[in-house]
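Here's a protein chain to explore together. Take a look at the model first, and then we'll walk through it piece by piece.

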Amino acid sequence: IVAENRLGTINHTLLTIEAIKNRKLPILGIVFNRSSEDGDPEVLEDNVLIVDELGGEDVLGELPCSKDDDLLRRLFVPIGNRIFDKLNRE
């Protein structure tokens, strides 16, 4: 699941998790994505923590809003590795 980290993310992501589980589909985890630099940093941090606690799924990481492709690539590598590891275990 890729969840945009913004106001409303908790509700949207928890409903998405529920819908996927009701359809008996696998979930590898959740990646939070920032498509904007807007938003209260405290709220955005809480979104990740609350979904991690209530969602019952692995939070694989978070990507910031950035036009720096090298930065995004470096930040995605550990997330991609976790996804790859999960796929190889199944």
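## The outside of the chain

The chain exposes about 6300 Å² of surface, and carbon and sulfur atoms supply 53% of that area. Keep in mind that what you're looking at is a predicted model.

What about the residues tucked away from that surface? Buried residues make up 27% of the 90 residues in the chain.

## The overall layout

Let's trace the backbone. You'll come across three helices and three strands. Follow the sequence from start to end and the pattern reads β-α-β-α-β-α. The radius of gyration is 13 Å, close to the 12 Å that the globule rule gives for 90 residues, so the chain is as compact as a globular protein of that length.

If you'd like a feel for the proportions, the C-alpha trace spans about 35 × 30 × 15 Å along its principal axes. Now think about which parts of the chain touch. Take the contacts between residues at least 6 apart in sequence: 65% of these join residues at least 24 apart.

## Charges and salt bridges

How far apart are the mean positions of the positive and negative charges? The chain carries 11 positive and 18 negative charges, and those two mean positions are 7 Å apart.

Some of the charged side chains pair up, and the structure holds four salt bridges. One of them is between the side chains of E4 and R6, at 3.6 Å from N to O. Both partners are partly exposed: E4 has a relative accessibility of 36%, while R6 has a relative accessible area of 42%.

## E57, a buried partner

Now find E57, which sits in the loop between α2 (41–55) and β3 (59–63). Is E57 buried or exposed? Its relative accessible area is 14%, and the cut-off for buried is under 20%, so E57 counts as buried.

E57 has a salt bridge too: its partner is K21, and the closest N and O atoms are 3.2 Å apart. This pair links distant parts of the chain, with K21 in helix α1 (residues 9–22) and E57 in the loop between α2 and β3, 36 residues apart. K21 itself is partly exposed, at 40% relative accessibility. K21 also shows up when you list what E57 touches: leaving aside neighbours within four places in sequence, E57 is in contact with I17, K21, I27, I30 and D52.

## D58 and K86

Another salt bridge joins D58 to K86, and here the closest N and O atoms are 2.6 Å apart. D58 lies in the loop between α2 and β3 and K86 in helix α3 (residues 69–89), so the pair ties together parts that are 28 residues apart in sequence.

In this pair, the positive partner is the buried one: K86 has a relative accessible area of 15%. D58 is partly exposed, with a value of 36%.

## An unusual backbone angle

Last stop: K24, which you can find in the loop between α1 and β2 (30–33). What is notable about phi of K24? Its value is near 60°, which is positive, and K24 is a residue other than glycine. Most residues other than glycine have a negative phi. As for its surroundings, K24 counts as exposed, at 71% relative accessibility.

Terms used:
Residues numbered from 1 in each chain as written. Predicted model: local features only at pLDDT ≥ 70, side-chain atom pairs only at ≥ 80, totals over all residues. Heavy atoms only, no water. Helix = DSSP H or I, 4+ residues; strand = E, 2+ residues; numbered from the N terminus. Rg over C-alpha atoms; globule rule 2.2 N^0.38 Å. Buried < 20%, exposed > 50% of the residue type's maximum accessible area, 1.4 Å probe, protein only. Contact = heavy atoms within 4.5 Å. Areas by Shrake-Rupley, 256 points an atom, 1.4 Å probe, with all protein chains shown as cover. Lys, Arg positive; Asp, Glu negative; His and termini not counted. Charge placed at Lys NZ, Arg CZ, Asp CG, Glu CD.
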